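Keep the sequence and the 3D view side by side as you read. Find each residue on screen before moving to the next sentence.

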Amino acid sequence: MYDECRQRVWAYVVSRAGRQVADEVVSETFAIAWRRLDDVPEPALPWLLGVARNVLRDNVRAELRREAMAGELRAWVEGDVADQVTERMGVLRALAALHEDDREILVLVAWHGLRPKEAAKVIGCSSAAYRVRLHRARKRLRQAMEAAGESPHEPAAERPKSRVRNLSEEWS
């Protein structure tokens, strides 16, 4: 099977992903075929090409995960990590001090990125009622942050730039 199909599987992978990854994907494809030898139909080529396609797709997903993780790490490295952690903890403490309904209203907009109209559907109220609740929840968050010693109105030049600050600004 290996001698009959290797070149064609390799050519398929090269046509999809280039020569740089072809040898690795072909090796993985035949390793899977070896482990699942009883599952390999006759003729084997279409099955092998399907396995190679899946291996390529898994490699692409893994690369996307690595890039996403690297992006997250770069975001953490910007500025002083201690300041970001302290600020994040302050926002989270203030958020935890709020009633569950207020937290949900704020999180739908800030963390889940919903528009007030969309968030209103989740809550089960009108868009106007949601906006009023959001305004009140933001006010209570601001008060909770001030009570905890965090100042959501501190001048931007004095505050560290971070993703957490962006969330707290959306809430206040």
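The tour below goes from the whole chain to single helices and then to single residues.

Start with the whole chain. The model is predicted. The secondary structure comes to eight helices and zero strands. Read from the N terminus, the order is α-α-α-α-α-α-α-α. The chain has 172 residues, and 31% of them count as buried. Now take the contacts with a separation of 6 or more. Of these, 54% join residues 24 or more positions apart.

Go to helix α1, residues 2-17. Which residues of α1 are buried? Cys5, Val9 and Val13 are. Look at the spacing of these names in the sequence. An α-helix has 3.6 residues a turn, so residues three or four places apart point the same way. In α1, the buried residues cover an arc of only 75 degrees around the axis, which puts them on the same side of the helix. Now turn the helix around. The face turned away from the buried side carries Asp3, Arg8 and Ser15, which are exposed.

Valine 14 is also in α1. Is valine 14 buried, partly exposed or exposed? Its relative accessible area is 22%, so valine 14 is partly exposed; the buried class ends at 20%. Leaving aside neighbours within four places in sequence, valine 14 is in contact with Arg19 and Ala22. Valine 26 is another residue to find. It sits 12 residues from valine 14 along the chain, and the two C-alpha atoms are separated by 9.8 Å.

After α1 comes glycine 18. The phi angle of glycine 18 is positive, near 95 degrees.

Helix α2 covers residues 19-35, and threonine 29 has its place there. Threonine 29 counts as buried because its relative accessibility is 0%. What does threonine 29 touch, leaving aside neighbours within four places in sequence? The contacts are Val9, Leu48, Val51, Ala52 and Val55. Val9 has come up before, as one of the buried residues of α1. The side chain of threonine 29 also has a polar atom, and the backbone oxygen of valine 25 lies 2.7 Å from that atom.

Follow the chain out of α2. The loop between α2 and α3 holds proline 43. Look at the peptide bond that leads into this proline from glutamate 42. This bond is cis, with omega near -5 degrees.

Next, compare a pair of helices. Two packed helices are described by the angle between their axes and the distance between the axes. Helix α5 spans residues 100-110, and helix α7 spans residues 127-147. Their axes come within 9 Å and cross at roughly 105 degrees. Angles from 65 to 115 degrees count as roughly perpendicular. The two helices α5 and α7 are therefore roughly perpendicular to each other.

Which residues meet where α5 and α7 touch? From α5 come Asp102, Ile105, Leu106, Leu108 and Val109. From α7 come Tyr130, Arg133, Leu134, Ala137, Arg138, Arg140 and Leu141. Sorted by class, this contact has eight nonpolar, no polar and four charged residues.

Zoom in on aspartate 102, in helix α5. Is aspartate 102 buried or exposed? Its relative accessible area is 8%, so aspartate 102 is buried. Not counting residues up to four places away in sequence, aspartate 102 touches Ala137 and Arg140. With arginine 140 there is a polar contact, side chain to side chain, at 2.5 Å.

Stay in this region for arginine 138, which lies in helix α7. Arginine 138 counts as partly exposed because its relative accessibility is 25%. Arginine 138 and aspartate 102 are 36 residues apart along the chain, and their C-alpha atoms are separated by 8.2 Å.

End with helix α6, residues 116-123, where alanine 120 lies. At 2% relative accessibility, alanine 120 counts as buried. Leaving aside neighbours within four places in sequence, its contacts are Cys125, Ser126, Ser127 and Tyr130. Tyr130 is also among the α7 residues that meet α5. Arginine 133 is on that list too. The C-alpha atoms of arginine 133 and alanine 120 are separated by 9.8 Å, and the two residues are 13 apart along the chain.

How values were computed. Residues are numbered from 1 along each chain as its sequence is written. This is a predicted model: local features need pLDDT of at least 70, side-chain atom pairs count only at pLDDT 80 or more; totals for chains, interfaces and linings use all residues. Side-chain values use heavy atoms; hydrogens and water are left out. Helices (H or I, at least four residues) and strands (E, at least two) are DSSP runs, numbered from the N terminus. Buried means under 20% relative accessible area, exposed over 50%, partly exposed in between (1.4 Å probe, protein chains only). A polar contact is a pair of N or O atoms within 3.5 Å; within protein, one must be able to donate a hydrogen and the other to accept it, and residues adjacent in sequence count only if both atoms are side-chain atoms. Contact means heavy atoms within 4.5 Å. Axes are lines fitted to C-alpha atoms, for helices over the stretch in contact, and angles run from 0 to 180 degrees between N-to-C directions. Angles under 35 degrees count as roughly parallel, over 145 as roughly antiparallel, 65 to 115 as roughly perpendicular and the rest as oblique. Ala, Val, Leu, Ile, Met, Phe, Trp, Tyr, Cys and Pro count as nonpolar, Asp, Glu, Lys and Arg as charged, and the others, Gly among them, as polar. The arc is that of the directions from the helix axis to the C-beta atoms.
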